[in-house]
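Ready for a few exercises? Have a look at the structure first, then try each task before you read its solution.

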Amino acid sequence: MSVAGKEPLPAPLERPGSLLVPTWTKTGIALLYDEVSENAYDIRLKLMKEVLTIQKQDVVCVSGSDHSANHRTVTLRRQPVGGLGLSIKGGAEHKVPVVISKIFKDQAADQTGMLFIGDAIIQVNGINVESATHEEVVHLLRNAGDEVTITVQYLREAPSFLKLPLGSPGPSSDHGSGASSPLFDSGLHLNGNSTNTAPSSPSSPIANEPKYEKRWLDTLSVPLSMARISRYKAGTDKLRSNAFEVLALDGVSTGILQFYTAQESADWLRAMSTNISDLTLQNMKMANKCCCPSDQVIHMGWVNERLEGIDSSQLYKFKFLALKGSSFYIFSTPPVSTLDWVRAEKIYNLCEVLFKIHKLWLADDCWLQANLYLGIHQDFDLEDQRPYCFSVMVGHGKSHYFNVEMGSELAVWEKSFQRAIFLEVQRTGSKTYMCSSQGDSLCFTIDFALGFTCFDSKTKNVLWRFKFSQLKGSSDDGKTKVKLLFQNLDTKQIETKELEFQDLTAVLHCIHSFIAAKVASVDPVFIDSQSIARKYMYTN
């Protein structure tokens, strides 16, 4: 499915080391898939630091007077050897136009310099053939005499199967039999029904006639800042084969970009994702200039959130997540100004959320399912087919289930959540929650330096205090009550403390956050060794 005039193989990806923000630049041929017609059209992609440009081929006038920007009328002189020197494909019976699919070098069509592979035939000797079948156009061209005048228009979105490269060998079937197929070339390089046996003068351009060239022209530019990528059909688990879509912040879409191999698709996906990530990092740096040190953006980016309970099906919607200061934000659209931060759909305190990786897609197509925190009830059945999934568990037993496009993104989110939570724990120092025990109103404090303290909410008298290291286990009823098992340092006996909280889940998450931050402050290597996503990235 190559195209005449196709560019040479794309240059390797470049990431100049001298730039502060590394940039991938890439150029190559792809297909633009139309889901309505189910046809794919040849395009060229140009990836730069901030923009992705889509180019389509067109025929342009490079010299002389161009009387019609769209149509060209060319007179061909049939040659004794080679005939018209072209082949055609297509036809109205297949809802595609008749298109020139081959032009044979140094023969009549080639000598005009005005005909190109991909030209749709509009008229033959003044007869309109836009609604004609393949056989009708073949018959008309073969019986048009020694001099044939055709009007053509370059079809910028000709389905790729209608085009073949310049100089391809002619069809081997016997076209003289009158049988032809609209999806196979009908060769018109034979003599046809010529009335003149003498050699005809070659078809060549007249000096004052316009000259044309086929060129790649920019048709769409998609800004990559805050853009998002999707490999899935909208709202479903159906993965597009070797294809994805890029959507800009302003809603502009590339359409479905399809690639010839899985490797090509992966290379382009990686390159575009890298540029989007680099631009997101720039936006974060700009936003952080307006924020105090305790309210910095740690990470942000696009994900897909799975929505449950809608017509018993699993639907996904794009969401924009951000880790900033003390909070975890969920947006429907990215925040582009300081005022946008208060317009988030959801805002959660980072100390009271729990990040969990659910799935990775390994090289041998096996699933790896991992829980980073044992003892928390699994809310999801994991029946969907999307890899690279994680959830964020929040207060009152609720959860958000997300998916990203690449394993590297999953590793970044895992690391970013850890960092944001640890920083918030260290900034906060302690969290106090109202609770009760045997009818008494108490306060329960989790302190980064001291551990756990319980005191009377009225008298402020301390009832008990334990270090983090003394917590040996816990159990809860999944609603409001929890039992904390501490080891007495003097007696070595286990003491059970039963407490009741209004939002038990938030308290349990907070305990986890403080203990994990404490371990990280003492042994950062241990925390890194527990990273499921980063282990996967290093081994693949």
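**Exercise 1.** In which strand does E500 lie?

*Solution.* Start with the strand: E500 sits in β29, which covers residues 494-501. Helices (H or I, at least four residues) and strands (E, at least two) are DSSP runs, numbered from the N terminus. A quick word on the ground rules: this is a predicted model, where local features need pLDDT of at least 70, side-chain atom pairs count only at pLDDT 80 or more, and totals for chains, interfaces and linings use all residues. Residues are numbered from 1 along each chain as its sequence is written, and side-chain values use heavy atoms, with hydrogens and water left out.

Next, check the cover. E500 has a relative accessible area of 33%, so it is partly exposed; buried means under 20%, exposed over 50%, and partly exposed in between (1.4 Å probe, protein chains only).

Finally, look at its company: E500 joins D476, D477 and E498 in a negative surface patch. Patch members have over 30% relative accessible area and no salt bridge, with like charges joined within 9 Å.

**Exercise 2.** Work out how β21 and β22 are arranged.

*Solution.* First, the pairing: β21 (residues 389-393) and β22 run antiparallel, with five bridges. Two strands count as paired if DSSP finds at least two bridges between them. One pair of facing residues is M393 and S399, the latter in β22.

Then follow the chain through the turn. The two strands make a hairpin with five residues between them, and H396 in that turn has a positive phi of about 60°.

Last, the cover: β22 spans residues 399-403, and four of its five residues are buried.

Just before β21, have a look at Y388, in the loop between β20 (367-368) and β21. Its phi is near 55°, positive although Y388 is not a glycine. With 11% relative accessibility, Y388 counts as buried.

**Exercise 3.** Find the salt-bridge partner of E405 and say what the pair ties together.

*Solution.* Begin with the rule: a salt bridge is a side-chain nitrogen of Lys or Arg within 4 Å of a carboxyl oxygen of Asp or Glu. The partner is R231, at 3.1 Å from N to O. E405 is in the loop between β22 and α4 (407-428), and R231 is in the loop between β12 (228-230) and β13 (243-247), so the bridge ties together parts 174 residues apart in sequence.

Now the cover: both E405 and R231 are buried, with E405 at a relative accessible area of 6%.

**Exercise 4.** Where do the salt bridges D267 to R270 and E345 to K319 sit?

*Solution.* Take D267 and R270 first; their closest N and O atoms are 3.2 Å apart. Both lie in helix α3 (residues 262-288), three residues apart, which is about one turn of the helix. D267 is partly exposed at 22% relative accessibility, and R270 is partly exposed too, at 36%.

Move on to E345 and K319, where the closest N and O atoms are 2.8 Å apart. This pair links distant parts of the chain, 26 residues apart: E345 is in the loop between β17 (327-331) and β18 (346-349), while K319 is in strand β16 (residues 313-324). E345 is partly exposed, with a relative accessible area of 41%, whereas K319 counts as buried at 10%.

To finish, the total: the model has 12 salt bridges by this rule.

Notes:
Patches are made of residues with over 30% relative accessible area and no salt bridge: like charges are joined within 9 Å, nonpolar side chains (Val, Leu, Ile, Met, Phe, Trp, Tyr) within 5 Å. Accessible areas come from the Shrake-Rupley method with a 1.4 Å probe; for residues, only the protein chains shown count as cover. Lys and Arg count as positive and Asp and Glu as negative; His and the chain ends are not counted. The place of a charge is taken as NZ of Lys, CZ of Arg, CG of Asp or CD of Glu.
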